[in-house]
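Good morning, and thank you for the time. I would ask you to bring up the sequence and the model so that we can go through them together.

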Amino acid sequence: MIRISEISQMSALEPDCKTSVTIGKFDGVHQGHQLLLAEAQAAALALTVQHPGNPVRTCAFTFRAKDRTIPAHSRIQTMQERAESLREAGADVLVEYPFGEAEMRMEPEDFVREILIRDLRMKALTVGSDFRFGYKRRGTPDLLRDLAGTYGFSLRVISKLLYQGGEISSSRIRRCIEEGKMEDAAAMLGHPYSVTSEVLHGKELGRTLDFPTLNLAAPAEKILPPFGVYFCRVKIRGQWYAGVANLGVQPTVAEHHLWLECNVLNFDEMVYGETVTAELLSFERPEAKFAGVEELCRTVMNDRENAIRYFAQK
């Protein structure tokens with residue numbers, strides 16, 4: 001996938017390349033985003049069939065705010081995770097267009113003409129039915145229908161997908177994650193919420209007590225579910241393992257660092273410094289402070305037994 005994050009990088013596209021574009025924030029790359037990408041892919045294929053020999057790339061277009069920090073714990077995915085999910089969903093090109101004062105004041109038609117048509121050589125556009133763009137959000141699907149005739153591109157307007165009677169959206173998924181409703185979040189995302197991190201050294205108390213854990217650090221920009229214990233899957237060296245994880249600050253042992261500690265079933269190798277991914281599948285219980293290490297051990301063993309039963313039912 002070609003990833004463009006600066007205007008000067010637009011030249012990375014082949015000189016004769018045309019694009020089928022879809023536009024959004026794509027946080028989480030949820031089921032609705034995946035539908036937009038699928039429709040954009042279909043449009044690219046149709047154009048390729050009509051004009052063989054001229055490549056048409058599926059392009060995911062999003063804005064990247066210039067000189068703005070990302071609020072802590074606000075994203076479903078990191079920028080790199082989003083890019084990888086968009087690639088897996090079918091994007092050949094990802095444009096993370098710098099968004100500053102000039103872009104904020106750009107009229108809708110100027111955006112279409114100068115960025116989509118001139119810079120990306122767009123021949124097809126796919127947007128959601130609630131899509132708004134340009135200065136003061138004046139751009140609408142109705143305006144795009146008019147511009148499609150003027151500038152010669154095809155337009156697909158896609159209705160919002162529904163889940164349990166409500167629209168699928170990144171904001172709704174964030175609320176589910178904040179409330180620990182991991183199954184609902186996964187259903188709307190099309191994949192479980194996950195944390196990818198290098199395995200870090202901790203106090204290694206778990207190994208001493210015969211339940212070794214992999215210590216992961218949640219990226220600062222990712223939204224976090226409630227502190228507590230989760231049934232999880234962990235991807236290590238390309239293979240998935242069942243497990244149970246604790247997200248929190250380890251109050252019983254006074255660690256006071258924010259960790260995602262994964263106790264992986266049927267795995268006991270040293271993987272410090274390696275990168276693993278943990279998917280949080282289901283919330284089991286809140287984080288708790290115990291009277292001592294013995295009570296902690298009993299509870300952790302009970303969590304493991306519950307995890308074994310959980311995965312046996314899958």
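I shall begin with the whole chain, then turn to two helix pairs, and close with several individual residues.

Please keep in mind throughout that this is a predicted model. The protein has 314 residues, of which 47% count as buried. Its secondary structure comes to nine helices and 14 strands. The C-alpha trace spans about 75 × 40 × 40 Å along its principal axes. As for how the chain is connected in space, consider the contacts with a sequence separation of 6 or more: residues 24 or more positions apart account for 73% of them.

Let me turn to helix α6, residues 170-178, and helix α7, residues 182-189. Their axes come within 8 Å and cross at roughly 155 degrees. Angles over 145 degrees count as roughly antiparallel, and α6 and α7 are therefore roughly antiparallel to each other. The crossing in which α6 passes α7 is left-handed.

Which residues make this contact? On the α6 side they are R172, I173, C176 and I177, and on the α7 side they are M182, D184, A185, M188 and L189. Sorted by class, the contact of α6 with α7 has seven nonpolar residues, two charged residues and no polar ones.

We can also ask which residues of α6 are buried. They are S170, R172, I173, C176 and I177. Viewed down the axis of α6, these buried residues fall within an arc of 160 degrees, so they line one face of the helix. A general point about helices is useful here: an α-helix has 3.6 residues a turn, so residues three or four places apart point the same way. The partners of the buried residues of α6 are α7, helix α1 (31-50), and the strands β7 (162-163) and β8 (166-167). After α6 comes G180, which has a positive phi, near 75 degrees.

S170 deserves a word of its own. This residue lies in helix α6 and, at 13% relative accessibility, counts as buried. Leaving aside residues up to four places away in sequence, S170 touches D27, H30, H33 and I76.

The second helix pair is α4, residues 108-119, with α5, residues 141-151. These helices pack at an angle of about 45 degrees, with their axes 11 Å apart. That angle makes α4 oblique to α5. The crossing of α4 and α5 is right-handed. From α4, the contact is made by P108, E109, V112, R113 and I117, and from α5 by L143, L144, L147 and Y151. By class, the contact of α4 with α5 has seven nonpolar, two charged and no polar residues.

I come now to two residues with a positive phi that are not glycine. V29 has a phi of about 45 degrees, a positive value although V29 is not a glycine. This residue is found in the loop between β2 (18-23) and α1. Is V29 buried or exposed? At 2% relative accessibility, V29 counts as buried. Q164 also has a positive phi, near 50 degrees, and is a residue other than glycine. Its place is the loop between β7 and β8. At 62% relative accessibility, however, Q164 counts as exposed.

V29 appears again among the contacts of Q77. Q77 is found in the loop between β3 (56-65) and α2 (79-88), and is buried, with a relative accessible area of 7%. Not counting residues up to four places away in sequence, Q77 touches F26, D27, G28, V29, R82, S85, H191 and K222. For a sense of distance, Q77 and R105 are 28 residues apart in sequence and 28 Å apart in space, C-alpha to C-alpha.

The last residue is V244, in strand β12, residues 239-248. V244 is buried, with a relative accessible area of 6%. Where does V244 stand relative to N263? The two are 19 residues apart in sequence and 5.4 Å apart in space, C-alpha to C-alpha. With residues up to four places away in sequence not counted, V244 touches N263 and others, including V229, Y230, F231, C232, E261 and C262. Further contacts of V244 include E284, D303, R304 and A307.

That concludes the presentation, and I thank you for your attention.

Notes. Residues numbered from 1 in each chain as written. Predicted model: local features only at pLDDT ≥ 70, side-chain atom pairs only at ≥ 80, totals over all residues. Heavy atoms only, no water. Axes fitted to C-alpha atoms, helices over the stretch in contact; angles between N-to-C directions. Helix = DSSP H or I, 4+ residues; strand = E, 2+ residues; numbered from the N terminus. Parallel < 35°, antiparallel > 145°, perpendicular 65-115°, else oblique. Left-handed = near helix turned anticlockwise from the far one by under 90°. Contact = heavy atoms within 4.5 Å. Nonpolar A, V, L, I, M, F, W, Y, C, P; charged D, E, K, R; others polar. Buried < 20%, exposed > 50% of the residue type's maximum accessible area, 1.4 Å probe, protein only. Arc of directions from axis to C-beta.
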